[in-house]
Amino acid sequence: MRKLIVSLLVIVLPVLLIKSSLAHYTLTESGKFKGANLHPYYYESTIPSTWKSYIDASFGEWNSKSSKVFLYASSSTVDSRISMGGGFSEIAVTVVYGGLKGEPHEFFRITFNEDRKFSTIGSNDYNLRTVARHEIGHALGLDHVGGIFPSSDTKAHIMYENYTGEKGLHAHDIEGLREIYGN
Ligand SMILES: [Zn+2]
Ligand SMILES: [Zn+2]
């Protein structure tokens, strides 16, 4: 009986170790944003002008974590866009385009759900900066973390699959960004 318990532990432990290390970040299939460090994005007219500085600030937080990638607001129309729209149930949706399967993507579209309520300050409704942080993570090439039994660490990631209130970038979200682009 004792022998059996020992051998079971030997099998279970490595599996747990692999799972916990995978839970810290996951990369999207396209993996990264293509090309040089600088990438412009454009606000469509559906985005309230009062939102822009908050969303820009969320971009700025990601920008500050790697010197190898920098996303900035452009006053002229470019492929990467941020807009408000409907017809989906998620809080916001990010889609990346342009890369063939397994290759870097060329631009992104972030759409905030027009049927949800966002607030720029505090934790009423959906916190705009928090949602923006999460969606920008997708635009940069990060996928969700989660799982059936997510740890408190996993839930604290900005890339956690569910909205859990206002939060910032987690050390492991930044680790994921640097895995893709470098420091
Ligand atoms: Zn973690
Ligand atoms: Zn997401």
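This is a short talk about two helices, the core they help build, and one histidine.

Okay, so keep in mind that what we're looking at is a predicted model. Let's start with helix α2, residues 52-63, and helix α3, residues 128-140. How far apart are their axes? They sit 9 Å apart, and the helices pack at an angle of about 50°. That angle is neither under 35 degrees nor in the 65 to 115 range, so α2 and α3 count as oblique to each other. And if you like handedness, α2 passes α3 in a right-handed crossing.

Who's making that contact? On the α2 side you've got Tyr54, Ile55, Ala57, Ser58, Phe59, Glu61 and Trp62, and on the α3 side Leu128, Arg129, Ala132, Arg133, Ile136 and Leu140. Sort them by type and you get nine nonpolar, one polar and three charged. Zoom in on Ile136: leaving out residues up to four places away in sequence, Ile136 touches Ser58, Phe59 and Trp62.

Now, the largest nonpolar core. It has 31 residues, and Ile136 is one of the four that touch the most other members, along with Ala139, Leu140 and Met159. Which element gives the most to this core? That's α3, with six residues. Strands chip in too: β2, β4, β5 and β6 are among the elements giving two or more.

Last stop, His138, also in α3. Buried or exposed? In between: His138 has 19 other C-beta atoms within 10 Å, so it's partly exposed, and buried would take 20 or more. Beyond its sequence neighbours up to four places away, His138 touches Thr28 and Thr94. Thr28 is 110 residues away along the chain, yet the two C-alpha atoms are separated by 7.6 Å.

How values were computed
Residues are numbered from 1 along each chain as its sequence is written. Chains are lettered from A and ligands numbered from 1 in the order in which they are written. This is a predicted model: local features need pLDDT of at least 70, side-chain atom pairs count only at pLDDT 80 or more; totals for chains, interfaces and linings use all residues. Axes are lines fitted to C-alpha atoms, for helices over the stretch in contact, and angles run from 0 to 180 degrees between N-to-C directions. Helices (H or I, at least four residues) and strands (E, at least two) are DSSP runs, numbered from the N terminus. Angles under 35 degrees count as roughly parallel, over 145 as roughly antiparallel, 65 to 115 as roughly perpendicular and the rest as oblique. A crossing is left-handed if the near helix is turned anticlockwise from the far one by less than a right angle, and right-handed if clockwise. Two residues are in contact if their C-beta atoms, placed from the backbone, lie within 7 Å. Ala, Val, Leu, Ile, Met, Phe, Trp, Tyr, Cys and Pro count as nonpolar, Asp, Glu, Lys and Arg as charged, and the others, Gly among them, as polar. A residue is buried if 20 or more other C-beta atoms lie within 10 Å of its own, exposed if 12 or fewer, and partly exposed in between; C-beta atoms are placed from the backbone. A nonpolar core is a set of buried Ala, Val, Leu, Ile, Met, Phe, Trp, Tyr and Cys residues joined through C-beta atoms within 7 Å.
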